[in-house]
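Thanks for coming, everyone. I would like to spend a few minutes on charged side chains and where they pair up, so please have a look at the model first.

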Amino acid sequence: MKITAAVKTHTGYVRSNNEDNYYLCGSCRSDTDMAEAAGRWTGEDRRLLFAVADGMGGEEKGELASLLAVKALEPCRFEDVAGTARVCFQRANDRICEEVEKNGGRRMGSTVAALYVDEGKALGCNIGDSRIYLLRDHGLLQISTDHNMAAKLVEAGVLTPKEARRHRSRHELTQHLGIFEDEMKLEPAVSGAVLLQPGDVFLLCSDGLTDMLTDEEIKALLLAGREPWEQAQMLVKAALKQGGRDNVTVLVVHTAKKRPSFRSCLRSVLSGYSGPR
């Protein structure tokens, strides 16, 4: 399976700093002074990792938290994803907590939404409210879990999903990186395994996108774009047009059948050739 991906992050129009970060098959926004960053990647579906992190803390602490989060991640075999993801999330949490202690207890934290891809399969793992979506056959499905009070109220039947989208409790996180052991148990959410199909589109994003656009608007823009780079640009632009009240980061992943090389086609033809008659 051929995989193509693109990412774009922007500070937005209200905040003065960009606390988001990303992991694109080994690359991230290592220079956190950069207000904007973007990247592309193409390759095969073997031990790939994509992620978006949304830092919290302000005055450069959020930037550091999200950078520590993505730097703690690592790709792995599909069979090892659940265990490796939990180890990496715990490692990131420990590093962030160490920084908190170094700074006299001044809190900072980060969300993470990570997508692992390996040999025809994908699996999402997240903590916080950064999301992972799958677009397939014109249907958009969220495969991540929102760790916030609004989601808890939906689960309890107090709010409808539509009401939760604008409810003030949507920014009250129930899980995030930067939690000390005596405060709460770190419990990342792990999605079910997804068997990849040609034409699948995965979207990873911070809440700077989902607070600005509805799922229907996101789906329409994904369907309007032809490739990851174009879709990422369109989504960020749309979030900014709606006000850009937060940092926004978008990472889009496409799957496609790998085209056979000329050499493999030639071998296939010759294998069925029996010589002149």
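I will go through the salt bridges here, pair by pair, and please keep in mind that this is a predicted model.

The count comes to 14 salt bridges. I begin with Glu 183 and Arg 107, whose closest N and O atoms are 3.0 Å apart. This pair links distant parts of the chain, since Glu 183 sits in the loop between α4 and β9 while Arg 107 sits in the loop between α2 and β5, 76 residues apart. As for the surroundings, Glu 183 is partly exposed at 45% relative accessibility, and Arg 107 is likewise partly exposed, at 38%.

The next pair is Arg 170 with Asp 211, which meet in a salt bridge at 3.5 Å, N to O. Arg 170 belongs to the loop between α4 and β9 and Asp 211 to the loop between α5 and α6, so this salt bridge ties together parts that are 41 residues apart in sequence. Both partners are buried: Arg 170 has a relative accessibility of 17%, and Asp 211 has one of 11%.

Now to a pair within a helix: Glu 216 forms a salt bridge with Lys 219, with 3.8 Å between the closest N and O atoms. Both residues lie in helix α6, three residues apart, which is about one turn of the helix. Glu 216 is exposed, with a relative accessible area of 55%, whereas Lys 219 counts as buried because its 19% falls under the 20% cut-off.

Finally, there is a network in which Glu 44, Arg 46 and Glu 119 are joined by salt bridges that share partners.

Conventions: Residues numbered from 1 in each chain as written. Predicted model: local features only at pLDDT ≥ 70, side-chain atom pairs only at ≥ 80, totals over all residues. Heavy atoms only, no water. Salt bridge = Lys/Arg side-chain N within 4 Å of Asp/Glu carboxyl O. Helix = DSSP H or I, 4+ residues; strand = E, 2+ residues; numbered from the N terminus. Buried < 20%, exposed > 50% of the residue type's maximum accessible area, 1.4 Å probe, protein only.
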